[in-house]
Amino acid sequence: MGRVPNVTRADAQAALRNPLAFIAARWTPDPRTVRRAALAALVMSVVIVVTGGAVRLTGSGLGCPTWPKCTEDSLTTTSEMGLHGVIEFGNRLLTYVLCAAVGWAIVAARSQKPYRRSLTLLGWTQFWIVMGNAVLGGIVVLVGLNPYTVAAHFLLSSALIAVATVMWQRTREGDAEPRPLVGKAVQQLVWFLVAASVLLIAAGTVVTGAGPHAGDSSEVPRMPLDWETVTKLHAVLAWIVVTLTFALWFVLKAVDAPKEPLARTRELFLILLAQGVIGYVQYFTDLPEVLVGAHMFGSCVMWIWVLRVLLSLRERPGPAPQPSAVPAQEPATSASIASPR
């Protein structure tokens with residue numbers, strides 16, 4: 001076991017002034033550690049969406065009726081608040097787990113050698129989105145689960161997932177200029193797919209805001225829209241996304257595209273089919289909570305794979321590995337072979 005270095009007063013002052021730089025100067029993570037840290041942040045960004053959906057679907061949205069405390073007199077839930085209070089407060093606690101995951105991703109990215117500023121910025125972007133969404137979540141509670149603030153809360157979570165996905169992808173790439181793997185026409189088709197997916201997710205929040213799952217047993221306002229109409233619009237957008245995905249797969253096959261974009265597109269198509277089955281089953285079975293929660297999870301997975309399709313259209317090679325110096329060796333002769341070692 002190596003000797004633990006003494007921490008001087010100057011070291012302590014440096015750690016207080018810039019703890020990230022202090023850690024980076026003393027720790028170089030393995031590239032796999034950086035990738036795992038980015039993946040942990042992405043997984044937690046999905047988990048927080050799913051647990052937030054559980055809060056809504058169990059009618060626990062006002063389990064803690066105020067914010068930032070749980071009640072006027074208590075920071076945590078109390079026994080009088082029952083299961084709804086536990087569920088809502090538990091979701092709030094998971095925000096700290098999400099912050100820890102994002103913090104780990106920032107520290108790992110900052111400590112990587114050579115230093116990659118773009119990767120660290122992606123980590124900090126996640127941090128500020130989490131902070132903004134925490135405040136927005138508090139506003140959602142304070143305004144009594146207003147459906148427009150709830151929709152904004154979900155959309156900001158989708159933005160967090162997008163940044164986390166990009167960071168996870170960038171940990172597996174270099175910092176060279178991106179090199180396209182497909183032509184302009186295919187790239188434009190994918191951007192249409194991304195735009196349609198954004199509209200699909202936004203329409204999904206409207207369906208939720210106008211639907212029966214208000215998030216609490218009390219009287220909660222709903223969006224003044226015909227639920228059947230917005231649901232059909234959501235379904236039309238879903239079919240547009242499916243059609244664009246199938247068209248993209250067909251085009252990639254026709255132009256003999258590289259393996260990566262073709263594989264990601266095929267995976268997205270299968271995810272969309274599964275998501276569509278869940279969507280139609282929940283519609284014809286009067287929106288059971290379990291299926292609605294599964295549909296929310298599927299929405300997150302779909303969004304991640306849409307972005308993975310987009311990011312697979314180019315490659316960013318890392319720096320070429322430097323060949324290790326091999327000392328020159330004298331040619332083997334019968335004398336040298338026979339000589340003692």
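In the predicted model, T165 is in contact with L42, I304, L307, R308 and L311, when its neighbours within four places in sequence are left aside. T165 lies in helix α6, which comprises residues 147–170. With a relative accessible area of 1%, T165 is buried, since this value falls under the 20% limit for that class.

The surroundings of T165 are in keeping with those of α6 as a whole. Of the 24 residues of this helix, 17 are buried, so α6 is largely enclosed by the rest of the structure. The dimensions of α6 were also examined. The end C-alpha atoms of the helix are 35 Å apart, which agrees with the 34 Å that 24 residues should span at 1.5 Å a residue. At the start of α6, the backbone nitrogen of Y148 is approached by a side-chain oxygen of N146, which reaches to within 2.9 Å.

The cysteine residues were considered next. One disulfide is found in a search of the whole structure. This bond joins C64 to C70, with an S to S distance of 1.9 Å. The torsion about the S-S bond is about -70 degrees, and the disulfide is therefore left-handed. Both partners are enclosed: C64 is buried at 0% relative accessibility, and C70 is likewise buried at 0%. Two further cysteines were assessed for accessibility. C300 counts as buried, at 2% relative accessibility, whereas C99 is partly exposed, with a relative accessible area of 21%. The assignment of C99 follows because buried residues must have under 20% relative accessible area and exposed residues over 50%.

How values were computed: Residues numbered from 1 in each chain as written. Predicted model: local features only at pLDDT ≥ 70, side-chain atom pairs only at ≥ 80, totals over all residues. Heavy atoms only, no water. Helix = DSSP H or I, 4+ residues; strand = E, 2+ residues; numbered from the N terminus. Buried < 20%, exposed > 50% of the residue type's maximum accessible area, 1.4 Å probe, protein only. Contact = heavy atoms within 4.5 Å. Expected span 1.5 Å × (residues − 1). Polar contact = N/O pair within 3.5 Å; in protein donor to acceptor, adjacent residues only side chain to side chain. Disulfide = S-S within 2.5 Å.
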